[in-house]
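Work through the exercises below with the sequence and the 3D structure side by side. Each task is followed by a solution that goes step by step.

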Amino acid sequence: MPSVTENALTLWSWPLATARWNSDMVEMMMGAQRVIAARLPTIVAAMQNPIAADHVELNRMVSEKVGAFNASGESVTAAGGAVHRAADANARALGQMASGRILWAQDWMRLAERNLAAMAALAALPTATLAPLRSGVKANDRRLRR
């Protein structure tokens, strides 16, 4: 789990991360276009003669996508968990205040840390979600260019 300082830096550098994400997205789309163009003849050949098809490459197409989207989904789940933990903590604190209990400084600090972690997780989510997809496209683009 990232520290408070790391979470604060994530939020502070969010505009730069967004600019990098935009650049990564364009790079991934251009690479995906080249990968699709390189793999299209393999797909067409498999449709014309399924027995003589390049089953290794066809298998790789599916397994890589499943793996990349699984890793991408894990980052979404992790961010959702941080938001859920912060929401639970906020609800518990509100319930305690409603019942007349005083929240002390350490209680407020824990709440602030959980909320900061949730905001940082959401700020880092686009980059974390794109990273496995981008790395897969980049690796395929490099491999298929040879």
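The expected span of a helix is 1.5 Å times one less than its number of residues. The model used here is a predicted one.

**Exercise 1.** Work out what span helix α4 should have, and compare it with the distance between its end C-alpha atoms.

*Solution.* Begin with the extent of the helix: α4 covers residues 105-145, which makes 41 residues. At 1.5 Å a residue, these should span 60 Å. The end C-alpha atoms of α4 are 59 Å apart, which agrees with the expected span. As a last step, look along the helix for a bend: a kink of about 50° lies at Leu125, shortly before the proline Pro126.

**Exercise 2.** Decide whether Thr42 is buried or exposed, and list what it touches.

*Solution.* First locate the residue, which lies in helix α2, residues 14-48. Next, take its relative accessible area of 19%; since buried means under 20%, Thr42 counts as buried. Finally, leaving out residues up to four places away in sequence, Thr42 touches Asp54, Glu57, Leu58 and Met61.

**Exercise 3.** Describe the build of the protein chain, and find out how its radius of gyration compares with the globule rule.

*Solution.* Count the elements first: the protein chain has four helices and zero strands. Its radius of gyration is 22 Å, well over the 15 Å that the globule rule gives for 146 residues, so the chain is more spread out than a compact globule. Along its principal axes, the C-alpha trace spans about 75 × 30 × 20 Å. To complete the description, note that 25% of the 146 residues count as buried.

Conventions:
Residues numbered from 1 in each chain as written. Predicted model: local features only at pLDDT ≥ 70, side-chain atom pairs only at ≥ 80, totals over all residues. Heavy atoms only, no water. Helix = DSSP H or I, 4+ residues; strand = E, 2+ residues; numbered from the N terminus. Bend = angle between axes of the 7 residues up to and from the residue. Buried < 20%, exposed > 50% of the residue type's maximum accessible area, 1.4 Å probe, protein only. Contact = heavy atoms within 4.5 Å. Rg over C-alpha atoms; globule rule 2.2 N^0.38 Å.
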